[in-house]
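Reader: Hi! I'm new to reading protein structures. Could you walk me through this one?

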Amino acid sequence: MASSGRSGGKALLAHPVRVQRLCFLGTSSATPTRTRNVTSSVLSFDNGSHWLFDCGEGTQHQLMRSPISHGRIDKIFVTHLHGDHCFGLPGLLCTMSLARLNAPKPEFVGHRQVSSQFPNASQVIEEGEDGTDDFEEEEEGAASGEIAPVKVSEAPVEAPSAVAVIDIFGPYPLGRFLRQVLNTTRCAMVFRYRVHEAIPHHVTEDELQHYRSELANISELRPRFLRPSATDGSYAFIESSATDPCVSAAELSHAPGLICLGYAVTEPERPGMMNAENLKKLGVRGPLCSQLKAGESVTLPNGRVVHPSEVMTPSQKGRRFVILGDTFDSERMVPLCMDAEVVVHEATFAEEHHEMALRKHHSTAAMAGLFARRVQAKQLVLTHFSARFSCSRSRADPSTGFAPDAKRPRLADPGTAATTTTTTEGLPDVASGPILSPSPCSSNVTYAGGNRDATLVTPLVEQAVAAFGCPNVVAASDFMEVSFATSRAAQHSS
């Protein structure tokens with residue numbers, strides 16, 4: 001429906017959130033080394049929020065050494081419950097709480113909490129008759145699946161915090177892991193957290209009902225359980241919207257009996273840009289431009305109706321960022337990863353240890369390259385390296401972290417062709433289905449940060465480049481940042 005400039009029109013759409021950078025906090029597999037901590041990375045957005053992916057032991061130390069404030073972390077994603085991916089999570093949550101605490105610590109009475117930060121000491125978390133924490137239902141009309149707050153006898157005075165609720169996403173039984181650690185250590189936090197869990201088909205409703213009855217931690221909100229989609233087996237953790245990224249996940253093949261996830265973060269659709277020449281030619285100015293930008297047709301004073309398509313470039317699909325957990329077969333992630341801006345894939349082993357990689361349920365660098373080629377990714381970042389690729393195995397100088405004969409390398413421009421004689425001859429075709437030509441390399445991605453072990457992982461990069469068929473492969477190192485263009489002009493030129 002067309003409107004004139006005097007009628008007001010639609011409100012302007014909020015600015016869609018864009019991914020700004022990806023920072024690696026830990027890039028080692030299984031155990032830390034002198035130069036690499038265990039797995040963790042942070043996806044940062046142009047609205048100032050941070051999403052943490054995996055939280056191995058020591059992650060909070062890595063955060064202290066990085067420019068990332070844990071006070072702005074509002075979502076945490078766990079790929080699976082192996083210790084090198086989750087042992088740091090309870091400690092980080094407690095540290096995040098202590099940083100926000102500006103009142104005396106709460107006192108515990110049994111499984112109840114009497115908090116001296118509240119002016120009325122009778123404010124307690126009430127227990128249900130079965131001994132579990134009692135939850136109030138959401139108000140009538142609340143959306144299905146929303147999490148109800150813990151029932152309290154009186155409304156507490158909220159402690160100041162940068163983030164009121166921390167959302168934690170991951171596979172079953174992530175909630176049990178957290179509540180057992182936090183309950184055992186008598187930890188209560190000044191913010192609430194809620195766990196969104198992927199529940200596979202093999203977990204029965206009876207098992208799930210028993211799981212629901214477990215004693216919740218005092219800071220825990222009612223969990224949200226997601227079953228896999230009937231169409232493609234994926235989990236829709238965060239639905240798409242006009243302004244916020246959506247997050248989908250699918251199961252990876254890793255250790256038997258353990259659910260391991262890969263995550264695909266997709267930006268909202270990018271709106272088109274105003275064509276100044278066409279605006280001037282049609283005589284559109286002032287508030288009418290805002291209405292057209294909001295997607296509404298307008299009527300000029302001469303009666304001419306102008307539609308947004310006449311003065312705006314077409315909208316573009318949002319970029320996709322893929323972070324995979326440990327895997328030796330990522331087939332179920334393929335539909336979620338197509339045309340990804342970046343794929344972060346483990347490369348625990350070199351191709352000469354292919355059989356060992358399969359026995360230990362991990363990937364080689366060539367397997368990572370084949371997957372990136374299969375999904376037509378623009379960039380591939382290798383991570384989760386075996387300790388055999390660490391300087392600490394080469395008697396590194398403790399003052400620098402470098403092996404005595406190693407030189408700090410310069411990271412190549414991702415648009416520069418890599419020089420390698422490695423070929424794909426003899427590499428196993430681990431990616432079933434058609435392998436297509438990779439997408440053109442993006443010119444809006446830059447890398448920063450040194451890689452002390454770069455000379456040791458160079459063979460892995462070469463093997464991945466050969467399998468990927470594209471030079472845009474880099475080996476991650478701790479504190480390496482991958483930056484992405486966020487300006488509208490740069491994004492539309494990509």
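Author: Happy to! Let's begin with Leu52, which touches Leu25, Ser40, Ser41, Val42, Thr59, Ile73, Lys75, Ile76, Phe77 and Leu92, leaving out residues up to four places away in sequence. Keep in mind that this is a predicted model.

Reader: Okay, and where is Leu52 in the fold?

Author: Leu52 belongs to strand 4, which covers residues 50–53.

Reader: Is Leu52 buried or exposed?

Author: Leu52 has a relative accessible area of 0%, so it is buried.

Reader: You listed Val42 too. How far apart are the C-alpha atoms of Leu52 and Val42?

Author: They are separated by 4.5 Å, and the two residues are 10 apart along the chain.

Reader: Cool. What about Trp51, what is that one in contact with?

Author: Setting aside neighbours within four places in sequence, Trp51 is in contact with Ser41, Val42, Leu43, Phe45, Asp74, Lys75, Phe77, Ile238, Pro245, Val247 and Val265. Trp51 is also one of the residues with the most contacts inside the largest nonpolar core, along with Phe237 and Tyr263.

Reader: How many residues does that largest nonpolar core have?

Author: The largest nonpolar core has 37 residues. Another core, of 33 residues, lies apart from it, and its members include Ala347, Ala365, Phe371 and Val461.

Reader: Can we zoom out for a sec? How many helices and strands does the protein have?

Author: Sure, there are 13 helices and 21 strands. Of the 494 residues, 50% count as buried. Also, if you take contacts between residues at least 6 apart in sequence, 72% of them join residues at least 24 apart.

Reader: Let's do helices, then. At what angle do helix 3 and helix 4 pack?

Author: Helix 3 (residues 89–100) and helix 4 (residues 174–184) pack at about 60°, and their axes are 10 Å apart. That angle is why helix 3 counts as oblique to helix 4.

Reader: Why do you give me both an angle and a distance?

Author: Because two packed helices are described by the angle between their axes and the distance between the axes.

Reader: Got it. Is the crossing of helix 3 and helix 4 left-handed or right-handed?

Author: Helix 3 passes helix 4 in a right-handed crossing. On the helix 3 side, the contact is made by Leu89, Pro90, Leu93 and Cys94, while helix 4 brings Leu174, Phe177, Leu178, Val181 and Leu182.

Reader: How do the residues of that contact divide into nonpolar, polar and charged?

Author: Nine are nonpolar, with no polar and no charged residues in the contact of helix 3 with helix 4.

Reader: Which residues of helix 4 are buried?

Author: Those would be Leu174, Gly175, Phe177, Leu178, Arg179 and Leu182. The cover over the buried residues of helix 4 includes helix 2 (83–86), helix 3, strand 8 (165–171), strand 9 (192–198) and helix 5 (205–212).

Reader: What joins Tyr172 and Pro173?

Author: A cis peptide bond, with omega at about 0°. Pro173 sits in the loop between strand 8 and helix 4.

Reader: And what is the phi of Arg186, just after helix 4?

Author: Arg186 takes a positive phi of about 55°, and this is a residue other than glycine. Arg186 lies in the loop between helix 4 and strand 9. Its relative accessibility is 44%, so Arg186 counts as partly exposed.

Reader: Changing topic: how many of the 10 residues of helix 11 are buried?

Author: Nine of them are, so helix 11 (residues 365–374) is largely enclosed by the rest of the structure. The buried ones are Ala365, Ala366, Met367, Ala368, Gly369, Leu370, Phe371, Ala372 and Arg374. Helix 11 is followed by Gln376, which has a positive phi near 55°.

Reader: Last one! How far apart are Pro67 and Phe479?

Author: They are 412 residues apart in sequence and 9.4 Å apart in space, C-alpha to C-alpha. Pro67 is in the loop between helix 1 (59–64) and strand 5 (73–77), and Phe479 is in the loop between strand 20 (473–475) and strand 21 (481–484).

Reader: Is Pro67 buried or exposed?

Author: Pro67 counts as exposed because its relative accessibility is 69%. Phe479 has a relative accessible area of 22%, so it is partly exposed. Phe479 also has a positive phi, near 75°.

How values were computed
Residues numbered from 1 in each chain as written. Predicted model: local features only at pLDDT ≥ 70, side-chain atom pairs only at ≥ 80, totals over all residues. Heavy atoms only, no water. Core = buried A, V, L, I, M, F, W, Y, C linked by side-chain atoms within 4.5 Å. Buried < 20%, exposed > 50% of the residue type's maximum accessible area, 1.4 Å probe, protein only. Contact = heavy atoms within 4.5 Å. Axes fitted to C-alpha atoms, helices over the stretch in contact; angles between N-to-C directions. Helix = DSSP H or I, 4+ residues; strand = E, 2+ residues; numbered from the N terminus. Parallel < 35°, antiparallel > 145°, perpendicular 65-115°, else oblique. Left-handed = near helix turned anticlockwise from the far one by under 90°. Nonpolar A, V, L, I, M, F, W, Y, C, P; charged D, E, K, R; others polar.
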